[in-house]
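Work through the exercises below with the sequence and the model side by side. Each task is followed by a solution that goes step by step.

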Amino acid sequence: RTSTLAQFLRVTREHLSRSFSAGGAPTLKRAMDFVRLLAAGELAKNPGYDLRAVARLTGFGSAAKLSLAVKRLVRAPASALSALRSTDLLERFLRG
């Protein structure tokens with residue numbers, strides 16, 4: 001969470017968020033969601049986990065919220081998550 005990170009760095013949440021996205025960089029929330037998406041991508045490669053389990057393990061509220069994050073962040077369907085490498089996800093994220 002942003003508040004936890006800000007507390008650790010001994011700054012306000014607002015200061016951290018504003019500083020993070022300075023210069024056209026992604027917002028802090030977007031970057032944090034992407035890190036969770038990277039973890040979800042790795043978990044999705046395990047045939048023992050369905051999308052619901054992956055969402056739960058990575059902190060998304062539901063499989064539907066994970067699916068929306070995948071579409072929003074990397075413009076791909078959640079079903080493609082297991083087939084995409086981390087580098088593919090990063091390239092798609094950077095293209096915006």
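The exercises that follow deal with aromatic rings, salt bridges and backbone angles.

The model is a predicted one, in which local features need pLDDT of at least 70 and side-chain atom pairs count only at pLDDT 80 or more, while totals for chains, interfaces and linings use all residues. Residues are numbered from 1 along each chain as its sequence is written, and side-chain values use heavy atoms, with hydrogens and water left out.

**Exercise 1.** Find the aromatic pair in the structure and describe its geometry and its surroundings.

Solution. Begin with the criterion: rings of Phe, Tyr and Trp (its six-membered ring) pair if their centres lie within 6.5 Å, and planes under 30 degrees apart count as stacked, over 60 as edge-to-face and the rest as tilted. A search of the whole structure finds one such pair. This pair is formed by Phe34 and Phe93, which are stacked at 4.3 Å centre to centre with 15° between the planes. Next, place the partners: Phe34 belongs to helix α3 (residues 28-44) and Phe93 to helix α6 (residues 86-95), so that the pair links distant parts of the chain, 59 residues apart; helices here are DSSP runs (H or I, at least four residues), numbered from the N terminus. Finally, consider accessibility, where buried means under 20% relative accessible area, exposed over 50%, and partly exposed in between (1.4 Å probe, protein chains only). Phe34 is buried at 6%, and Phe93 is buried at 9%.

**Exercise 2.** Identify salt bridges and state how accessible some of their partners are.

Solution. Apply the cut-off first: a side-chain nitrogen of Lys or Arg must lie within 4 Å of a carboxyl oxygen of Asp or Glu. The whole structure yields six salt bridges. Among them, Asp88 and Arg85 meet at 2.9 Å, N to O, and Asp88 is buried, with a relative accessible area of 17%. Asp50 and Arg52 meet at 3.8 Å; Asp50 is partly exposed at 39%, whereas Arg52 is exposed at 62%. Lastly, a network of salt bridges links Lys29, Asp33, Arg36 and Arg72.

**Exercise 3.** Decide which sign phi has in Arg10 and in Arg75, and locate both residues.

Solution. Recall that most residues other than glycine have a negative phi. Arg10 nevertheless has a positive phi, near 60°, and Arg75 has a positive phi near 50°. Arg10 is placed in the loop between α1 (2-9) and α2 (13-20), and Arg75 in the loop between α5 (63-74) and α6. In accessibility, Arg10 is exposed at 78%, and Arg75 is exposed at 60%.

Note on methods. Helix = DSSP H or I, 4+ residues; strand = E, 2+ residues; numbered from the N terminus.
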